Amino acid sequence: MAGNIGYEDGHPNINSIGHAKPPLRRQPSYYTPDMEDRMRRRLKFHFMDPIEKLKAKKRIPWKMLLQVVKIILVTIQLCIFGLERGNFVDYVEKNTISLKHLFLKDWEAAYETLPYPPATGTYAVYEISSVFEHIDFVSNQYSKMNRIAIGGYHFWHHNASAIPTVSMCKTNYYSGSYFPNGTFIFNPRLIRTCANVTQVDFGNGTVKFDFKEFLKRKKIRLSLDRLLKIELNFLVHTVRLELDVPHRCPICFLMNVSITFDNSDRNGQMLVFLNPNISEVGCRGMIIGLNETEKKRVQTAFDIFIIIVSTMSSILCLRSIWRAQSLKHETAKFFKNHFRKVLEWYDRLEFLNMWFILIVINDCLTIVGSCFKIKIETRNVPNTSQNYDLCAIMLGTGNLLSWIGVLRYLGFFKKYNILILTLKRAAPNVLRFLTCALLMYFGFVFCGWVILGPYHIKFRHLSTTSECLFSLVNGDDMFVTFSALQTNNSFIWFYSRVYLYCFIGIFIYVVLSLFIAVIMDSYETIKHYYENGFPRSELFEFIDECTDPPHSEIYRQELRGWDCSTVFCFCCKNRNPEELEESTRLIG
């Protein structure tokens, strides 16, 4: 009966002016009473739940069992992938921290914490001499990396005897200078120059990295007035070994490390960033006693089995959708010819099962995600974080929709169906209510961003402003939001208080309370329907005239239809010729 909730005025038998609709009246037609009963039984069987269909047809509900098996399989698959992805992310993060300690001068562990608000400032340099010192430090550390690094970092070069060098690229304006009287002239065209930073031989037996001397000898001019960015790039090769874990194969990574000295804002602070672009490369070594191919075959076989199960699930659901649409057209023609009435739109929607569409969508996501997972595990695509993210989105969303789809089967029990019916009943009113509330909410967002942004860390960006206000609606971090304002302007201070008090008062005490009231009103309506009966549309009034219980033998005699065998769910046998002739005559 869940499909009958949500019509205008709460009752499909009440028209727009409040008068009851006339009951169905049979018109003279070629339909016999037996044909009418057969149509009624077909419709009643179509709207039965799997348990009732099991009693009626005495056949195993393959679609329901397949969904149970599928949700177990995709959950196991997601857990395996989640653990592997978590290990990969943890490996990348730890390597990033190690590289920062190795190559960034004066790097401290305090920069690695992520408190809110941040406990330390950004990592940056402020003097010209510091820029040269940091670049010299990177070059020296890289030249002796394989001797000092704990993480097993190695050089990557085609010539094994040569030590790769650090590549330096600088970006600056084409020309420009400042004059003592405060005037300036600049050509905004950007120039990018690259060179390999090498050691400088001072001629007295001293060979070391000296970036300032290197620029002088290479005749490279570094004008800090025009400088926007300096990038240092070098390659690092490492092998991830977890031989203590059974069947864990070694993975080789090539890190294209980029250290950027960013002066684009030209505010006296040159920010320093380190970004290790990690990509997987083929390992050219071997581990004695480890069969890597066997592990890959087991993982691939499991993923292929999930693809097969998801494909079968989609085919069964698409077949049910197609059958329902065929039955809808037959029913519409029957109502038109027998009752001289057009089947209403809400009755037509009863034949479109949104749960089946949801299952087909999550099956498609699972299939695509599984294919991507196979490619990642077999190393057919680079094992970068973006590939992991795409695969995670597919598998995670598919698994979410699979678990939501389980609500369909709980909905067949009255005690568990109240959540679905309440959401369905409240959906139109909730959408209208949210439309009005969002208009007011975005007004507060833009106002707070523009006025409080320069003085409050939570309002610094448009996205963080929205996140802060949404947190306030849920009662989170209120005192910090009030106290984190940093300004000596009394007007801004008073304005921020009025702004926050108004927002909290309107959205917590008014908007949120009304939102809960809309949900509760729908809940009370559903409780009333449970006690006094649900509204009945013309379609279900017609079906209710069928008094044959689900366990009646007449369903197995008349509705043999397409019977699926136990082993091959898609190997079907057609109806009897008499049934086909009768069905054709019934359609007209």
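**View 1. Helix 4 on the sheet of this predicted model.** Helix 4 (residues 128-143) lies across strands 1, 2, 3, 6, 7 and 8. Its angle to strand 6 is about 20 degrees. Axes are lines fitted to C-alpha atoms, for helices over the stretch in contact (heavy atoms within 4.5 Å); angles run from 0 to 180 degrees between N-to-C directions. Helices (H or I, at least four residues) and strands (E, at least two) are DSSP runs, numbered from the N terminus.

**View 2. Helix 3 on strands 6, 7 and 8.** Helix 3 covers residues 62-103. It lies across strand 6 (227-240), strand 7 (251-262) and strand 8 (270-281). To strand 8 it runs at about 135 degrees.

**View 3. The open sheet.** Its 6 strands follow the order 1-8-7-6-2-3, with antiparallel pairing (at least two DSSP bridges between two strands). Strand 1 (124-125) and strand 3 (184-197) each have a single partner strand, so one side of each lacks a neighbour in the sheet.

**View 4. The hairpin of strands 2 and 3.** Strand 2 (residues 166-178) pairs with strand 3 over 12 bridges. C169 has C194 in strand 3 as its bridge partner. Between the two strands are 5 residues. In the turn, G182 has a positive phi of about 90 degrees.

**View 5. Contacts of I230.** Leaving out residues up to four places away in sequence, I230 touches V131, I135, M168, C169, K170, L222, I259, T260 and F261.

**Notes.** Residues are numbered from 1 along each chain as its sequence is written. Local features need pLDDT of at least 70, side-chain atom pairs count only at pLDDT 80 or more, totals for chains, interfaces and linings use all residues, and side-chain values use heavy atoms, without hydrogens and water.
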